[in-house]
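Subject: Handing over a structure, with notes

Dear colleague,

I am passing on the structure below, together with some notes on what I found in it. Please look it over before reading further.

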Amino acid sequence: MLSLELFLPSSQSLKDKRMVLRRLKDRLGAFNVAVAEVAHQEVWQRAGLSVVTVASSDTVAEQTLSSVMHEIERLEP
């Protein structure tokens, strides 16, 4: 499991935030992971996400989550 705290400075409403998170979740779908917003649901510029995966070994799971983290870092401005 990967836990993330995101700051979304360009969000001016919950609608903006949800659009950003939807695009992020769609992008991360390529990694075959599940993504859920687990904290700060009512805060415009902040999001707490959990990303989980299931794999045949710890190594594969760690590689997948590491790839997810690199993708998220790459997308930041």
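The notes below go from the overall fold to one helix, then to the core, the central contacts and the salt bridges.

This is a predicted model, in which local features need pLDDT of at least 70 and side-chain atom pairs count only at pLDDT 80 or more, while totals for chains, interfaces and linings use all residues. Residues are numbered from 1 along each chain as its sequence is written, and side-chain values use heavy atoms, with hydrogens and water left out.

Overall fold

The protein has two helices and three strands, where helices (H or I, at least four residues) and strands (E, at least two) are DSSP runs numbered from the N terminus. Along the sequence these elements follow the pattern β-α-β-β-α. The C-alpha atoms fill a box of roughly 40 × 25 × 15 Å, taken along the principal axes. The radius of gyration, which is taken over C-alpha atoms, is 13 Å, and this agrees with the value near 11 Å for a compact globule of 77 residues; the globule rule is 2.2 Å times the number of residues to the power 0.38.

Of the 77 residues, 32% count as buried, a word that here stands for under 20% relative accessible area, with exposed meaning over 50% and partly exposed in between (1.4 Å probe, protein chains only). Among contacts (heavy atoms within 4.5 Å) between residues at least 6 apart in sequence, 58% join residues at least 24 apart.

Helix H1

Helix H1 covers residues 14-28, and its 15 residues reach 21 Å from the first C-alpha to the last, close to the 21 Å expected at 1.5 Å a residue; the expected span is 1.5 Å times one less than the number of residues. Its buried residues are Leu14, Lys17, Leu21, Leu24 and Leu28. Seen down the axis of H1, these buried residues fall within an arc of 90°, so they line one face of the helix, the arc being that of the directions from the helix axis to the C-beta atoms. The buried residues of H1 pack against strand E1 (2-7), strand E2 (34-39), strand E3 (46-52) and helix H2 (58-75). On the face turned away from the buried side, H1 carries the exposed residues Lys15, Arg22, Arg23 and Asp26.

The core and strand E3

The largest nonpolar core (a set of buried Ala, Val, Leu, Ile, Met, Phe, Trp, Tyr and Cys residues joined through side-chain atoms within 4.5 Å) has 15 residues, of which Leu6, Leu28, Leu49, Val51, Val68 and Ile72 touch the most other members. The elements that give two or more residues to this core are E1, H1, E3 and H2. Not counting residues up to four places away in sequence, Leu49 has several partners, among them Leu6, Leu21, Leu24 and Val35.

Gly48 lies in strand E3 and, at 2% relative accessibility, counts as buried. Leaving aside neighbours within four places in sequence, Gly48 is in contact with residues including Leu4, Ala36 and Val38. Ser50 is also found in strand E3 and counts as buried at 13% relative accessibility; with neighbours within four places again left aside, the contacts of Ser50 include Met1, Ser3 and Val35.

Salt bridges

The count comes to four salt bridges, each being a side-chain nitrogen of Lys or Arg within 4 Å of a carboxyl oxygen of Asp or Glu. In one of them Arg46 pairs with Glu5, with the closest N and O atoms 3.4 Å apart. This pair links distant parts of the chain, since Arg46 is in strand E3 and Glu5 in strand E1, 41 residues apart. Arg46 is partly exposed, with a relative accessible area of 40%.

Arg27 and Glu71 meet in another salt bridge, at 2.9 Å from N to O. Arg27 lies in helix H1 and Glu71 in helix H2, so this pair ties together parts that are 44 residues apart in sequence. Arg27 is partly exposed, at 40% relative accessible area, whereas Glu71 is buried, at 13%.

Glu71 also forms a salt bridge with Arg74, the closest N and O atoms being 2.9 Å apart. Both residues lie in helix H2, three residues apart, about one turn of the helix, and Arg74 counts as exposed at 52% relative accessibility. Arg27, Glu71 and Arg74 are thus linked in a network of salt bridges.

With best wishes
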